Amino acid sequence: KNQGQRVAAGQRLIQATSDIMLGWTHVSQDIDGAARDFYVRQLLDWKGSAVAEAMDPHAMGLFGRLCGATLARAHARSGDRIAIAEYLGKTDRFDRAIVRFAETYADQNERDHKALLDAVTAGRVQAAATAA
């Protein structure tokens, strides 16, 4: 019934350690008079932040693997690992499907990047390089 509670419950489910200040509330009359649900969390978490645009290829690869492992852990925490393993079975069918999807997605990214470069070259889009 409370969308803030839904978000907080989802975060608690997928995070290894949730914010101790994570919670939710309902405001019956916001500044515009509307009722709204909110989730609340710690204002300053004092954690670092990755700046992907400043990474070299090696660091980007490491960052990608870390993100993949984190996402895999979150999915594993959110479901029944035995049921998931049974669903996937003992063959490599799922693995091959993921590879096909990833290759198709990478090909689409390459087409999109080429279209962007073409638009820049044609003057339809402006681009500026940033210092790394």
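At the start of helix H2, a side-chain oxygen of Asp56 comes to within 3.1 Å of the backbone nitrogen of His58. The helix that follows, H2, covers residues 57-78, and its 22 residues extend 31 Å from the first C-alpha to the last, close to the 32 Å expected at 1.5 Å a residue. These details belong to a predicted model, in which the protein chain has an average pLDDT of 87 and 95% of the residues score at least 70. Confidence varies between the elements, with the lowest and highest means listed here.

| Element | Residues | Mean pLDDT |
|---|---|---|
| Helix H3 (lowest) | 81-88 | 80 |
| Helix H4 (highest) | 93-121 | 95 |

Taken as a whole, the protein chain contains 4 helices and 2 strands, and these elements follow one another from the N terminus in the order α-β-β-α-α-α. The chain is more spread out than a compact globule, because its radius of gyration is 21 Å, well over the 14 Å that the globule rule gives for 132 residues. Along the principal axes, the C-alpha atoms fill a box of roughly 50 × 50 × 30 Å.

Burial and contacts add to the description of the chain. Of the 132 residues, 6% count as buried, which is to say under 20% relative accessible area. The accessible surface of the protein chain amounts to about 11500 Å², and carbon and sulfur atoms account for 59% of that surface. Where contacts join residues at least 6 apart in sequence, 28% of them link residues at least 24 apart.

Definitions and conventions: Residues are numbered from 1 along each chain as its sequence is written. Side-chain values use heavy atoms; hydrogens and water are left out. pLDDT is the predictor's confidence in each residue, from 0 to 100. The expected span of a helix is 1.5 Å times one less than its number of residues. A polar contact is a pair of N or O atoms within 3.5 Å; within protein, one must be able to donate a hydrogen and the other to accept it, and residues adjacent in sequence count only if both atoms are side-chain atoms. The radius of gyration is taken over C-alpha atoms; the globule rule is 2.2 Å times the number of residues to the power 0.38. Buried means under 20% relative accessible area, exposed over 50%, partly exposed in between (1.4 Å probe, protein chains only). Contact means heavy atoms within 4.5 Å. Accessible areas come from the Shrake-Rupley method with a 1.4 Å probe; for residues, only the protein chains shown count as cover.
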